[in-house]
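The following exercises concern the interior of a protein model. Each task is followed by a solution that proceeds in steps.

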Amino acid sequence: MKKLLSLASCLMATLCVSCAIAQEFTSVDEVKKDGKFADALAIQGEYELADKDADFPFNTAGYQIIARGVDEFDVIGYQDGLPGQGWDRSKARFIGQGKIEDGKLVVTGVKMNIPRKANEGKDVDVIFNEEQKARKLIGTIEDGKYYLQLGDKKVEMKKVERKSETLGKPAPKGAIQLFDGQNTDAFATEVKLSTAQKDAFWSEARLKPFEKDRPYLLHIEFFNSFMPTATGQARSNSGVYIQEEYECQVLDSFGLEGENNECGGFYQQLKPLVNMCYPPLTWQTYDFDVTPAKFNDQGEKVENAKITVKHNGVVIHDNAELQHETPGYKNEKNEAGEARGLYLQGHGNKVQYRNIWIQYK
């Protein structure tokens, strides 16, 4: 038993060390200065067919390449275009794994994820057999242009850097600027201004209460760190707690499924209609339309809070009901007795925020 406990302790120590040394970059300059992951960052990103009418296997017109270390990647291909620009959950995805070999990105197909409405609303994974895995995608850069090749078929890809249509949106007339890059009067806690990004601050922070029971629009911009060796919830984690109780997750979920514990999800309640997470080291936007929960004179909830959310300009929740609070901060049942504001979670990562404003309806 002592030996088993000793082995378990060693394993836990190893895991803790692994977590502790996961590198976190808060700007492109930091990545370039370190050097080790510069090529991985350069390859990571979103790609589209240069010729949208090109005939290419798997019927994929958009790709997301996600760094998983120095020279390994996840590669996701989307039918009809990138998420929010042609692809949605009703369409298929190609899922592969890539590795740099002799200066080329060699991608092995793992599976096709195919939605099946008849299958109780569940997707079906078609796992590639050995023959299919042997048909590898080859990515190259020639004369500054990106190409993908499968067998004798070769197509040009273009790397795209999307920006939210609401990025940098100023507070409209009648709105209240809660953070403009310098003034921190709207905060109820001490705020540390960022040393990596202009006009930004580091999470965690809490803003002073909003006007009680009033519906409002809320705009906020966030910036995930680049953590190529981290996975899951350890990959640039934070959260926007609406009313200080409903967490809309902030996480580097670029290229993931789009679950309720990933970026854009309300933890344990709602998953986004589409995963609109951009690559890390990219400014992203949340635009919330919030109707607070209603309570009677006895403090009993009589109507759930409702919320519409745009992530990077695309609707990911449409007048959805929030059934209960998210664990981690305030309890919903006490809302009837106090005004609530906004809580930006600290989760041990260097997530940055800027340009926050509210407009009452």
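The exercises below treat cysteines, nonpolar cores, aromatic rings and enclosed space in this predicted model.

**Exercise 1. Cysteines**

Determine how many disulfides the structure holds, and account for the state of Cys-248 and Cys-263.

*Solution.*
Step 1. A disulfide requires two cysteine sulfur atoms within 2.5 Å.
Step 2. For Cys-248, the nearest cysteine sulfur belongs to Cys-263 and is 7.0 Å away, and Cys-248 is in no disulfide.
Step 3. For Cys-263, the closest cysteine sulfur is that of Cys-277, at 4.1 Å, which is too far for a bond.
Step 4. The count for the structure is therefore 0 disulfides.
Step 5. As to accessibility, Cys-248 counts as buried because its relative accessibility is 0%. Cys-263 likewise counts as buried, at 1% relative accessibility.

**Exercise 2. Nonpolar cores**

Identify the residues with the most contacts inside the largest nonpolar core, and describe the surroundings of Leu-342.

*Solution.*
Step 1. The largest nonpolar core comprises 51 residues.
Step 2. Those with the most contacts inside this core are Val-240, Ile-242, Tyr-286, Phe-288 and Leu-342.
Step 3. Apart from this core lies another, of 29 residues, including Leu-41, Val-75, Val-107 and Val-155.
Step 4. When neighbours within four places in sequence are left aside, the contacts of Leu-342 include Leu-207, Phe-210, Leu-218, Ile-220, Val-240, Ile-242 and Ile-356. Arg-206 and Glu-244 are also among the residues in contact with Leu-342.

**Exercise 3. Aromatic rings**

Classify the geometry of the pair formed by Tyr-78 and Trp-87, and state which charged side chains lie over the faces of Tyr-147 and Trp-283.

*Solution.*
Step 1. The structure has 16 aromatic pairs.
Step 2. In the pair of Tyr-78 and Trp-87, the centres are 5.2 Å apart and the planes make an angle of 70°.
Step 3. Planes over 60 degrees apart count as edge-to-face, so the pair of Tyr-78 and Trp-87 is edge-to-face.
Step 4. Both of these residues, Tyr-78 and Trp-87, are buried.
Step 5. One aromatic cluster is formed by Phe-179, Phe-187, Phe-201 and Tyr-353.
Step 6. Over the face of Tyr-147 lies Lys-154, at 4.9 Å from the ring centre. Over the face of Trp-283 lies Arg-354, at 4.0 Å from the ring centre.

**Exercise 4. Enclosed space**

State the volume of the largest cavity and which residues lie nearest its centre.

*Solution.*
Step 1. The structure holds 1 cavity of 30 Å³ or more.
Step 2. The space in the largest cavity is about 40 Å³.
Step 3. Its lining consists of 10 residues, and Glu-211, Lys-212, Asp-213, Gln-243 and Arg-340 lie nearest the centre.

Methods:
Residues numbered from 1 in each chain as written. Predicted model: local features only at pLDDT ≥ 70, side-chain atom pairs only at ≥ 80, totals over all residues. Heavy atoms only, no water. Buried < 20%, exposed > 50% of the residue type's maximum accessible area, 1.4 Å probe, protein only. Core = buried A, V, L, I, M, F, W, Y, C linked by side-chain atoms within 4.5 Å. Contact = heavy atoms within 4.5 Å. Phe/Tyr/Trp six-rings, centres within 6.5 Å; stacked < 30°, edge-to-face > 60°. Lys NZ or Arg CZ within 6 Å of the ring centre and 35° of its normal. 1 Å grid on protein atoms, 1.4 Å probe; cavity = no way out; pocket = protein on both sides within 12 Å on 5 of 7 lines; lining within 4 Å. Points joined across faces, edges and corners; volume = space filled by probe spheres on them.
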